[in-house]
Amino acid sequence: MAINQSTAPAVTGVRGPEREPVTLDVNGSTFPIELEPRVSLLDALREHLDLTGTKKGCDQGTCGACTVWVDGRRVLSCLTLAMSCEGHQVSTIEGIAQDGELHPMQQAFVDHDAFQCGYCTPGQIMSAIALLREGNATTDADIAEHMSGNICRCQAYPNIHAAIREVRDADDGG
Amino acid sequence: MSPVLGKPVNRVDGPDKVTGTGRYCGEIVLPGLAYGLIVGADVAKGRVVSIDESAARAAGGVYGILTHRNTPKVANAPHLIPSLAGQPAPGESFFPMQDDVVHYWGQPVALVVADSLESAAHAAALLDITYEESPAVATIEDGRKSAYEAETLFGGLMPARDERGDVTAALAAAEVTVDASYRYAANHHNPLETSVTTAQWDGDRLTLWDSTMGVRASQLTVASLLGIPLSDVRVITHFVGGGFGSKAMVWPHVTLAAMAARHVGRPVRLTLTRPQSFTSNGHREEQEQRITLGAGRDGRLTAIRHQKLSITSSFDDWAEPATGVSTQIYGCDNYLGSHSLIKGNTMTPTFTRAPGESLGSFSLETAMDRLAYELGMDPVELRIMNHPPVDNHGNPWSSDGMADCLRRGAELIGWADRDPTPGVRQEGDNLIGTGVAGAGYPVAFMMPVQHARARIFNDGSVVIQTSAQEFGIGVTTSMSQVGADGLGVDMDVLRFEAGDTDLPNTTSAVGSMGATMQSSAVHNAARTLRNELIAHAVADDKSPLHGLSPSSVRVADGRMTSTLDPSISESYADMLQRNRLLDLEALGSWTPPPFTTPHGLLTFGAQFAEVAVDKDLGLVRVRRMAGVFAPGRVLNPKLARSQLLGGMLWGLGQALLEGNQIDRQSGRWALNNLGEYLVPVHADIPDIQVEFVEVEDDVVGPLGVKGVGEVGQVGAAAAIANAVFHATGRRMSELPMTAEVVMNGGGAG
């Protein structure tokens with residue numbers, strides 16, 4: 001999942017391998033930090049910004065637990081270098097609830113018991129909300145196909161499907 | 001019983017999970033935290049000849065490197081005992097990095113501790129380790145000649161052989177026999193959170209944030225291996241990202257994290273990488289099974305012989321016990337169950353969801369299906385007819401429900417309209433079939449006395465505590481319900497606290513025993529506190545309840561009320577405040593029935609599946625599943641349904657997707673990631689129904705709760721295989737049933 005570089009400001013020069021100043025824009029806040037170029041977006045979020053809601057399940061791009069949005073698009077943060085996100089808007093699970101109110105997808109996950117251990121849940125929710133935005137939740141088969149990058153080992157899948165359908169159907173034809 | 005018990009309330013920890021605010025054990029922020037990374041052996045058998053650390057140390061950021069040359073010796077040799085027993089529970093009778101010998105591929109040979117994840121990974125890659133390699137035996141095929149029949153399993157806790165009657169004579173005399181052999185690939189748990197331990201020393205005292213299914217087991221094991229007092233080890237775990245058995249035992253990395261933290265003088269977080277999780281916390285072993293049934297023409301079973309062969313480590317006689325259900329779910333006077341082992345170069349296998357019985361039931365339930373076809377009997381009726389009212393010792397079931405589960409499941413799947421003829425229903429390129437299997441999972445009273453504490457403050461708010469762990473089982477929610485019910489308060493004034501060895505002890509939540517033992521202890525604590533509160537009130541001459549018999553006081557909504565006159569009433573809070581009591585607390589305990597209690601102890605269920613099999617490609621799609629279960633009292637049907645549904649879909653994965661093999665050349669697992677070790681994903685999920693059959697059980701605890709963690713998986717793969725037979729006419733004798741297996745006529749048997 002590449003980041004759309006066309007909207008990014010040009011980054012010039014060679015940086016690293018030592019720590020370099022980096023500015024990350026996460027959930028509407030700006031974080032000036034220092035990172036080595038080898039740090040993934042996932043590790044930058046978890047280890048440097050203490051935003052641990054984004055989970056590390058495999059660190060190999062196979063499980064989806066680390067799903068975040070970069071400029072609104074679903075991205076596997078374990079396969080994304082943090083430095084490449086400068087100038088882009090990163091959104092994580094911590095930014096989804098507004099003013100203490102759960103997002104309808106979060107509430108639907110709670111109501112439908114769409115998780116057990118909860119470790120894949122932030123990634124599932126980031127994918128599920130994006131799914132509706134992408135227009136990929138029209139049919140049950142669509143939902144199943146386009147959510148398949150997010151593994152739930154507890155197998156809450158039927159309940160996740162129910163949660164997504166509920167939010168989709170409540171969205172005034174949205 | 002108050003309305004809160006049995007109510008489908010949402011998870012109380014749901015908001016923490018959907019907002020990402022719940023802290024898992026690898027997310028604890030500590031000043032000066034260092035990052036540990038294990039380096040595993042690159043040979044399956046041999047010796048470490050040399051370790052050159054110079055490049056790794058020069059790479060920068062390295063605080064320390066542990067190898068067999070400088071790792072402290074363990075104070076007590078680890079001895080494998082299941083964590084349910086409440087003793088030190090190392091996953092294998094072995095601790096690595098004590099000498100230079102390599103017993104299995106991936107065995108820890110070094111541990112790098114550095115200032116960041118990246119520095120640790122880089123330094124670990126620069127460690128130059130050379131080995132002297134010896135020929136390894138890591139598969140059944142390579143070790144078959146050295147197989148022996150095990151006497152006991154589980155560190156001597158369980159006999160490996162179970163025999164009654166004369167099975168040889170009964171098979172010879174049987175009017176009908178079925179003989180089937182099976183080959184099962186190894187399975188890996190793969191919880192989404194790999195195991196992680198964060199260790200911090202404060203002088204002689206150690207705190208571990210450990211992703212475990214049993215904080216007490218971690219405490220006991222680490223204290224034993226380090227040789228320090230239990231009182232100096234505190235284990236905390238508030239959220240665990242799944243376990244499925246991989247976190248039921250205490251593996252070497254937990255103690256290594258503590259050793260590393262002491263070595264570098266900093267807190268250390270040690271996380272297993274996904275590939276390491278295939279070689280560091282056990283697995284469901286590669287195995288072969290053979291089952292032989294004898295029956296009369298009337299369908300009555302007269303003989304069952306059930307044999308298992310599997311490979312274990314060089315240090316432990318471990319086999320997941322495959323015959324606990326086949327020896328008792330169907331009545332049969334002549335029975336032999338046995339386990340044979342090969343010692344090889346693997347780590348000790350371990351509990352994996354529905355340990356033993358998921359594959360044991362695959363053998364039994366597909367053989368029962370063969371028998372039904374051999375006899376021309378309906379597979380559902382054959383099972384109901386052979387299900388006895390007593391267990392294999394003649395003891396009545398503590399509660400049953402199996403026949404009702406089978407009948408209800410048959411309704412859900414539309415069994416009445418089923419034409420039993422195999423291979424005759426076609427839709428497009430697909431052959432369609434339906435199948436059934438019975439399910440049972442043992443209730444094992446291995447654990448010691450369980451404790452919980454209930455405390456009420458004088459504003460009426462309540463805290464209930466036990467050391468239980470929340471790894472997705474819903475214990476935080478269901479125990480809040482049990483506490484509210486026992487004390488007679490609303491759930492919203494009550495908080496359930498768990499996941500800390502400083503809290504009253506309960507044993508590891510394993511073997512489907514968590515709900516039974518925790519609910520029993522919590523119930524007894526809440527009831528004890530309630531009785532104390534009532535005793536205070538009726539003895540208090542300022543209370544409107546003064547002088548009443550305690551038995552004529554009922555409690556609800558935080559109020560004590562006379563059963564004779566509802567106008568005589570006062571709240572807990574008023575009573576406490578008037579008596580200048582800031583709070584009142586009670587410890588509750590529950591002593592499990594003896595292991596030899598004179599009752600049959602199984603949780604029963606029934607599984608049904610409908611499949612579509614591509615006749616040209618052999619691809620199996622499960623279209624529908626229906627499971628009906630009788631787990632005694634259901635504390636929260638919403639959560640119990642989720643757990644059973646999860647078990648059924650684990651069965652789907654076991655049936656069609658999940659399998660690993662050790663490469664015979666290198667002794668290494670062929671697959672070590674979630675891209676190749678396939679687990680079910682969204683697109684694999686069928687239409688699925690879960691229902692309960694209500695049964696009362698006054699043996700298994702004060703609330704009559706039996707577990708739901710494993711029974712959902714038992715029989716699920718067998719129902720799918722029986723459906724594949726119904727669709728194609730081919731008997732499946734190998735798992736997973738990949739397209740090749742289906743096209744090759746079913747596999748081994």
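The axes of H2(A) and H3(A) come within 10 Å of each other, crossing at roughly 125°. That is a good way into this predicted model, since H2(A) turns up again at the contact with chain B, where it gives the most residues on the chain A side, namely 4. Here's a quick tour, starting with that helix and moving out to the domains.

**H2(A) against H3(A)**
- With a crossing angle of roughly 125°, H2(A) and H3(A) are therefore oblique to each other.
- As for handedness, H2(A) makes a right-handed crossing over H3(A).
- On the H2(A) side, the contact uses Met105(A), Gln106(A) and Phe109(A), while H3(A) brings in Thr121(A), Ile125(A), Ala128(A) and Ile129(A).
- Sorted by class, that contact has 5 nonpolar residues, 2 polar ones and no charged ones.

**H2(A) against H5(A)**
- H2(A) also packs on H5(A), this time at about 135° and with the axes 8 Å apart.
- That angle makes H2(A) oblique to H5(A).
- The crossing of H2(A) past H5(A) is right-handed.
- H2(A) puts in Pro104(A), Met105(A), Ala108(A) and Phe109(A), and they meet Ala163(A), Glu166(A), Val167(A) and Ala170(A) of H5(A).
- This contact splits into 7 nonpolar residues, 1 charged residue and no polar ones.
- If you're following individual side chains, keep Met105(A) and Phe109(A) in view: they are listed in the contact with H3(A) and again in the contact with H5(A).

**Where chain A meets chain B**
- Between the chains, 46 residues of chain A are in contact with 45 residues of chain B.
- Five helices of chain A each give two or more residues to this side: H1 (41–48), H2 (104–111), H3 (121–134), H4 (140–146) and H5 (157–170).
- H2(A) heads that list with its 4 residues.
- The chain A side is made up of 22 nonpolar, 13 polar and 11 charged residues.

**Domains of chain A**
- Chain A is assigned two stretches, domain 1 at 5–95 and domain 2 at 104–170.
- Measuring between C-alpha centres puts these two domains of chain A 23 Å apart.
- Where they touch, 13 residues of domain 1 of chain A are in contact with 11 of domain 2 of chain A.
- Strand E3 (residues 67–70) of chain A supplies the largest share of the domain 1 side, with 3 residues.
- That domain 1 side holds 6 nonpolar, 5 polar and 2 charged residues.

**Domains of chain B**
- Chain B gets three domains, and the assignment hops around the sequence: domain 1 takes 32–135, 195–242 and 247–273, domain 2 takes 146–187, 284–444 and 597–743, and domain 3 takes 448–590.
- The C-alpha centres of domain 2 of chain B and domain 3 of chain B sit 40 Å apart.
- These two domains of chain B touch through 18 residues of domain 2 and 18 of domain 3.
- The domain 2 side of that contact in chain B has 10 nonpolar, 6 polar and 2 charged residues.

**How far to trust chain A**
- Chain A has a mean pLDDT of 92, with 90% of its residues at 70 or more.
- Residues 1–6 of chain A are another matter, with pLDDT below 50, although the stretch has 10 contacts in the model beyond near neighbours in sequence.

Key
Residues are numbered from 1 along each chain as its sequence is written. Chains are lettered from A and ligands numbered from 1 in the order in which they are written. This is a predicted model: local features need pLDDT of at least 70, side-chain atom pairs count only at pLDDT 80 or more; totals for chains, interfaces and linings use all residues. Two residues are in contact if their C-beta atoms, placed from the backbone, lie within 7 Å. Ala, Val, Leu, Ile, Met, Phe, Trp, Tyr, Cys and Pro count as nonpolar, Asp, Glu, Lys and Arg as charged, and the others, Gly among them, as polar. Domain bounds come from an automatic or database domain assignment. Axes are lines fitted to C-alpha atoms, for helices over the stretch in contact, and angles run from 0 to 180 degrees between N-to-C directions. Angles under 35 degrees count as roughly parallel, over 145 as roughly antiparallel, 65 to 115 as roughly perpendicular and the rest as oblique. A crossing is left-handed if the near helix is turned anticlockwise from the far one by less than a right angle, and right-handed if clockwise. pLDDT is the predictor's confidence in each residue, from 0 to 100.
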